[in-house]
Amino acid sequence: MLLGPPGAGKGTQARKLSESFVVPDISTGDIFRNAVTQRTPMGMAAKRFIDRGELVPDDVTILIVEERLAQPDAAAGFILDGFPRTVHQATAFDAMLAAMDKTLDAVIEISVPRELLIQRLTQRATCTNCQASYHLTDAPPKTAGVCDRCGGTLVHRDDDSAKMVLHRLEVHDAQTAPLVSYYKGAGLLRTVDGTQPIDAVFSAIVAAAAPQGGRAA
Ligand code: ADP
Ligand code: ADP
Ligand code: ZN
């Protein structure tokens, strides 16, 4: 599970972890945005919250994660990016894990100072097709405006405007930051320095997620 404020690099790292460990990357933000693009009823309901930089209500969010985890590709493990985001989602997720007879290996908090988050989000470009994220100067695509992974079109997300970013960070502090102590209390929390280059953050996550007492490869 990857924890961290908007812009910490969760999506970037979740994609790398998913490729490296050959398990799906489950991002509630990506699921919601895909549902918005497809104009499903759930997507239309979620859009009202996403557009305002608010969290989608817990009941809807918990249900989509439950459905996603029931897919066969999640049976051997998964990376969670952007879920849970409230203590209520975290307790519901604990119950889901217990029902599936699974345990969490690690909760990785990616730590990045506020000024850098704002800089990253206001310069983030996101693929409309596969949701991969790029940065205009720090992680640019090979061809401007085109996704390296799928050839899709890159856009600046509406909720990555300067004004919305500040609000999303406030929502994070109020509703999601308490998860750090929740998972610290459970003995699962590991914190990595998210200001390092992408590959260095990745190595730190792999090392932090290695079994207790174990060594990273
Ligand atoms: P970020 O890249 O900023 O971390 P995400 O792509 O994860 O953002 O999420 C975008 C939006 O989708 C959020 O602002 C929120 O409206 C909604 N969302 C995503 N995940 C959740 C969740 N677990 N609970 C509630 N809302 C969520
Ligand atoms: P999150 O999913 O946590 O909101 P993203 O993975 O989308 O974050 O990353 C936010 C922005 O920061 C993107 O523009 C991404 O390219 C960039 N980014 C991610 N990790 C790093 C890093 N280690 N160094 C520099 N830029 C990064
Ligand atoms: Zn793409």
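# Reading the zinc site and its surroundings

User: What arrangement do the four donor atoms around the zinc ion (ligand 3) make, and which angles do they subtend?

Analyst: The ideal angle at a metal with four tetrahedral donors is 109.5 degrees. In this predicted model, the four donor atoms around the zinc ion (ligand 3) subtend angles of 97 to 115 degrees, and the arrangement is therefore tetrahedral. The cut-off behind that reading is that all angles lie between 85 and 135 degrees.

User: Which residues supply the donors of the zinc ion (ligand 3), and how are the donor residues spaced in sequence?

Analyst: The SG atoms of Cys127, Cys130, Cys147 and Cys150 coordinate the zinc ion (ligand 3), at 2.3 to 2.4 Å. Along the sequence, the spacing of these donor residues reads C-x2-C-x16-C-x2-C. Cys127 belongs to strand S5 (residues 124-127), whereas Cys150 sits in the loop between strand S6 (133-135) and strand S7 (154-155), so the pair ties together parts that are 23 residues apart in sequence.

User: Is Cys127 buried or exposed, and where does Cys150 stand on that scale?

Analyst: A residue is read as buried under 20% relative accessible area and as exposed over 50%, with partly exposed in between. Cys127, with a relative accessible area of 1%, is buried. Cys150, at 35%, is partly exposed.

User: How should one read the shell around ligand 1, and which residues come nearest?

Analyst: One may begin with the neighbours, then turn to individual atom pairs and to the covered area. There are 18 residues around ligand 1, of which Thr28, Arg33, Glu54, Gly82 and Arg168 come nearest. Helix H2 (residues 28-37) gives the most to this shell, with four residues. By character, the shell around ligand 1 holds six nonpolar, five polar and seven charged residues.

User: Which atoms of ligand 1 do the side chains of Arg85, Gln89 and Arg157 approach?

Analyst: Arg85 places a polar side-chain atom 2.9 Å from an oxygen atom of ligand 1. For Gln89, an N or O atom of the side chain is 2.9 Å from a nitrogen atom of ligand 1. Arg157 has a polar side-chain atom 3.4 Å from an oxygen atom of ligand 1. As to cover, ligand 1 taken alone exposes 550 Å², and the protein buries 96% of that.

User: How does the same reading apply to ligand 2, and which residues come nearest there?

Analyst: Of the 20 residues around ligand 2, those that come nearest are Gly7, Thr12, Arg124, Tyr134 and Gln196. This shell divides into eight nonpolar, eight polar and four charged residues. Here backbone atoms also deserve attention: a backbone N or O atom of Gly7 lies 2.8 Å from an oxygen atom of ligand 2, and a backbone N or O atom of Ile198 lies 3.5 Å from a nitrogen atom of ligand 2. The side chain of Ser133 has an N or O atom 2.8 Å from an oxygen atom of ligand 2. On its own ligand 2 has 560 Å² of accessible area, of which the protein covers 94%. Helix H1 (10-21), S6 and helix H9 (198-209) are the elements that give two or more residues to the shell around ligand 2.

User: Where is Arg124 placed, and which side chain does Arg124 meet in a polar contact?

Analyst: For a single residue, one reads its element, its accessibility and its contacts together. Arg124 lies in strand S5 and is buried, with a relative accessible area of 16%. The side chains of Arg124 and Asp160 are joined by a polar contact of 2.8 Å.

User: Which backbone features merit inspection, and what is the peptide bond from Phe83 to Pro84?

Analyst: One may inspect omega and phi. The peptide bond from Phe83 to Pro84 is cis, with omega near -5 degrees, and Pro84 lies in the loop between strand S3 (79-81) and H5. Two residues other than glycine show positive phi: Val22, near 50 degrees, and Gln131, near 70 degrees.

User: Are Val22 and Gln131 buried or exposed?

Analyst: Val22, in the loop between H1 and strand S2 (25-27), is exposed, with a relative accessible area of 71%. Gln131, in the loop between S5 and S6, is buried, with a relative accessible area of 6%.

Methods:
Residues are numbered from 1 along each chain as its sequence is written. Chains are lettered from A and ligands numbered from 1 in the order in which they are written. This is a predicted model: local features need pLDDT of at least 70, side-chain atom pairs count only at pLDDT 80 or more; totals for chains, interfaces and linings use all residues. Side-chain values use heavy atoms; hydrogens and water are left out. Donors are N, O and S atoms within 2.8 Å of the metal (3.2 Å for Na, K and Ca); water is not among the atoms, so sites may look incomplete. Four donors count as tetrahedral if all angles lie between 85 and 135 degrees; four count as square planar and six as octahedral if opposite donors are over 155 degrees apart and all others between 65 and 115; anything else is irregular. Buried means under 20% relative accessible area, exposed over 50%, partly exposed in between (1.4 Å probe, protein chains only). A residue is near a molecule or strand if one of its heavy atoms lies within 4 Å of it. A polar contact is a pair of N or O atoms within 3.5 Å; within protein, one must be able to donate a hydrogen and the other to accept it, and residues adjacent in sequence count only if both atoms are side-chain atoms. Accessible areas come from the Shrake-Rupley method with a 1.4 Å probe; for residues, only the protein chains shown count as cover. Ala, Val, Leu, Ile, Met, Phe, Trp, Tyr, Cys and Pro count as nonpolar, Asp, Glu, Lys and Arg as charged, and the others, Gly among them, as polar.
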